[in-house]
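Here is a report to read with the sequence and the model side by side. Take your time, and look up each part in the 3D view as it comes along.

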Amino acid sequence: MTSTATPATAGLATAARRSGARRKSAPPGGGTSRLHRNEQKWALGFVALPVLGYLLFILYPVLFALYASLTRWNGLGAMEFIGLQNYANLLTDDRFHQSMWNTIFYLVGIPIGLAISLALALAMNRRLVGLTVFRTIYYIPVICSIAAVAILWQWAYNGDFGLVNQFLGLLGIDGPNWLADATWSKPAITLMMVWKGLGYSMLLYLAAIQAVPRSLMEAAELDGAGAWQRFRAITLPMVRPVTFFLVVTQIIASAQIFAEIQIMTPGGGPEYSTASAVFHIWRQAFQYQQMGYATAMAIVLGILIFIITLIQFRLNKRSSFVLD
Amino acid sequence: MKKSRLTAGVVAGLIVAGTAACSSGGGGSSDGLTFMFRGGDDEKAAYQAAIDRFTEDTGVEVDVVVSDPDNYATQLQASIAGNQVPDVFYIEQANLQSYVNEGILMDITDQVAELGVDLDNIWEYGVDSYRYDGTLQGTPEGRLYGLPKDIGPFAFGYNATMLEEAGVERPDPDVPLSWDDWLEVLQEITVDTDGDGEIDQWGTGLNVQWNLQSFVWSNGGDWTNEDRTQVTVDTPEFAEALQYFTDLTTVHGVTPNPEQAQTLDTYQRFMAGEIGFFPVGPWDMSVYNELDFEYDLMPWPVGTTGETAAWVGSLGIGVSATSDMPDEAVQLVTYLSTDEAAQETLIEANIQIPNRIDTAQEWAGADDAQPANRQEFLDIAEDYGRAMPAAFTYGAAWYDELWVDIQPVVDGVRPADEYLAEVQPRMQALLDQSNEDAARAAEQNAQTD
């Protein structure tokens, strides 16, 4: 990443020098040249497009949602302003608390998934026969439609004939009826999410590992560092930015898990054990026509994700280092 | 970095363009009606034929929008949010009140009367489902906001071929079996047919969410009191029914166990001839009539009251309050719901019972009727059928709450009465809230009128 950034910065610097030179040569007192004004217009045009998009598709919906969360609204007719009533109701809504807890549980899959994908990336970094085949195999789940994957896993988790229990049976373990058992349904879904995310994380880790300067490795080796020490002291810190990126994006994505839940356990699973926050929000909004209340939940969820991300950025800044 | 940002920009641009293209499509056409409905392939074909005939008779073009059942509610809501409400559309009983209060559905009482439709010849339950007087839905005095597309009496049925082979007498079409007698039959036909030591034919296999109602009602229990203000699931009658229901699986073993039901659901197992007794709705006829065994209808087995009970659902057809062609729209609704020729097309497709009472009686009495005891559907429709507990309440959250934590009861690890006592307060709170919402909406509606 650093290597690609350098020419870009260099390009900017030259551009700045050039424009500075032009300004010097502009006629005194006459303001800016026509070319400059023209370029500025174009620049504004280019800037306006994303800004407009942002206002229209992000800012307006967010402000609208903020207002909607303060109303009693069924999603169809008039909104009735009720202040913070929806938020007050949230405090005593057991189902909402349960769905939040379920969502937090799903986050457990992230560190597990990252550890496995880092290990896989290290393995893939060696010269192996059929390396591309392996890389492709691990990446396939990433490009598969989530609906298809969810249905396949639903079969795999079948209590009687599912692949998972057949495999456990070979080991002499009598597997549970995964998705119909309130204790095992969440781990089952977490496992599937880990499996689905492996390929993507692995690919990023692989790129990061290959970007580790060889000179560092050689130097460490000369100093007598073993493989584990090289991994701990060089590879791990060098792939830190990727880990950070993955943790942030995966927490945001996992906190919004919905399709898997909806397909594998329609109704939120046994005793609502798999219902994620977004599933609960969707149910309130579209099945029970409590759009205002559901929006309030969505806002709370959004704020929580924002806070978690902010904390992560803080932590990352504190412990980051620069390699000169 | 630069490159990826450029790609991101292009992708964003495409997304924006795509969204814009989508939103410009669809919408109501100005020189004809738009009719939005849902259904499977059989249903689509039958409705298309009926609509073609309507266009032929009246010269009114109808633009048909069909969606699959799962997406219908979302699609309709989107069309409402986008101010593109179709002129004519299907409406659920449970949504009627809010749609009326929001001014989405048109009051069609007078137009229907002007068109000379004989509503007395339509199932009372079907018509009354779409009457609403501003506070209560389902009352004969209310204004009319739709007509039934159909009514769905949920009958009980059995695999006659299997019973015959087992030497069991066919159930009487008029005298319901008691729970005890029925259980004996179930035990008799739950057997291992191929001698491999595993049961492969079961008495029944019921779904608690869709089949418990009959058991509770015939045992004298119910979900609420009469005016729908008090949740009554914690009564001994209700608990006894639920316990009997779950004991079929966990104590008596006359149904596939949960894992087996998950591998192949009991609906598929019934069609495969592995299950003796199973519910039958009118919409099942088109499929069940093709099965390679004979099936027939019977009253649901009864608990302590001795009176059989079943639920009857309905889906309605309503007219948009903002339609440009309200008269033609109402005409289409009455055509689909009550016209003799249109009804014939739909009946032949075996997807519903006739809406017209006279046609229905003829249909049930036909010599070649399949299933033979079609009369059971009509008995439910005019005699012992009841509305689903949440059909006329403002939203169904309170009702769904019962099912959320029911799994341990179904699995037999938790007694029914204990669970019901625990869930009742939660359901009560939700019902209270639903009633409050209903009252508030009705009040607002009264102010704007």
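## Strand β7 and its sheet in chain B

Let us begin in chain B of this predicted model, where β7(B) and β9(B) run antiparallel and are joined by four bridges. Within this pair, F156(B) has P279(B) of β9(B) as its bridge partner. Four bridges also join β7(B) to β10(B), and these strands run antiparallel as well. Here you can look for N159(B), whose bridge partner in β10(B) is Y295(B).

These strands belong to an open sheet of four, with the order β8-β9-β7-β10 in chain B and mixed pairing. At its edges are β8 (202-204) and β10 (295-298) of chain B, each of which pairs on one side only. Ignoring direction, neighbouring strands of this sheet are turned by 30° against each other on average. Where does the parallel part of the mixed pairing come in? Strand β8(B) runs parallel to strand β9 (residues 275-280) of chain B, and two bridges join them. One residue to find there is W202(B), which has I275(B) in β9(B) as its bridge partner.

Now back to the strand we began with. Is β7(B) enclosed or open? Strand β7 (residues 155-159) of chain B has five of its five residues buried, so it is largely enclosed by the rest of the structure. In a regular strand, side chains alternate between the two faces of the sheet. Both faces of β7(B) are covered: A155(B), G157(B) and N159(B) are buried on one side, and F156(B) and Y158(B) are buried on the other.

## Strand β11 and its partners

Another strand worth finding is β11 (residues 310-319) of chain B, which is mostly covered, with nine of its 10 residues buried. The table lists its pairings.

| Partner of β11(B) | Direction | Bridges |
|---|---|---|
| β3(B) (residues 88-92) | antiparallel | five bridges |
| β6(B) (residues 147-153) | antiparallel | six bridges |
| β12(B) (residues 385-386) | parallel | two bridges |

You can trace each pairing through a residue pair. F89(B) has G318(B) in β11(B) as its bridge partner, while P153(B) has V312(B) in β11(B). On the side of β12(B), A310(B) stands opposite G385(B).

## Two domains and the cores

Chain B is divided into domain 1 (34-152 + 313-373) and domain 2 (155-312 + 387-438). The centres of these two domains of chain B, taken over C-alpha atoms, are separated by 29 Å. Where the domains meet, 19 residues of domain 1 of chain B are in contact with 21 residues of domain 2 of chain B. The domain 1 side of this contact has eight nonpolar, 10 polar and one charged residues.

The largest nonpolar core has 117 residues, and those touching the most other members are V88(B), L242(B), A310(B), L332(B), V333(B) and A381(B). Why does this core lie between domain 1 and domain 2 of chain B? Both domains give residues to it, so it lies between them. To see the surroundings of one of these residues, pick out A381(B): beyond its neighbours within four places in sequence, it is in contact with W123(B), Y125(B), I151(B), P153(B), V312(B) and I353(B). A second, separate core has 49 residues, including A68(A), W153(A), V194(A) and A285(A).

## Chain A and its meeting with chain B

Turning to chain A, you will find 15 helices and two strands. Of the 324 residues in chain A, 28% count as buried. Among the contacts in chain A between residues at least 6 apart in sequence, 68% join residues at least 24 apart.

How many residues of each chain take part where chain A meets chain B? There are 22 residues of chain A in contact with 22 residues of chain B. Helix α1 (residues 2-25) of chain A gives the largest share of the chain A side, three residues. By class, that side divides into 10 nonpolar, 10 polar and two charged residues.

A last residue to find is E271(A), in the loop between α13 (259-264) and α14 (277-287) of chain A. Is E271(A) buried or partly exposed? It has 17 C-beta neighbours inside 10 Å, so E271(A) counts as partly exposed. Not counting residues up to four places away in sequence, E271(A) touches A182(A), V404(B), D405(B) and Q407(B). E271(A) and Y106(A) are 165 residues apart in sequence, and 17 Å apart in space from C-alpha to C-alpha.

Note on methods
Residues numbered from 1 in each chain as written. Chains lettered and ligands numbered in written order. Predicted model: local features only at pLDDT ≥ 70, side-chain atom pairs only at ≥ 80, totals over all residues. Contact = placed C-beta atoms within 7 Å. Nonpolar A, V, L, I, M, F, W, Y, C, P; charged D, E, K, R; others polar. Buried ≥ 20, exposed ≤ 12 C-beta atoms within 10 Å, placed from the backbone. Pairing = 2+ DSSP bridges. Axes fitted to C-alpha atoms, helices over the stretch in contact; angles between N-to-C directions. Core = buried A, V, L, I, M, F, W, Y, C linked by C-beta atoms within 7 Å. Domains from an automatic or database assignment.
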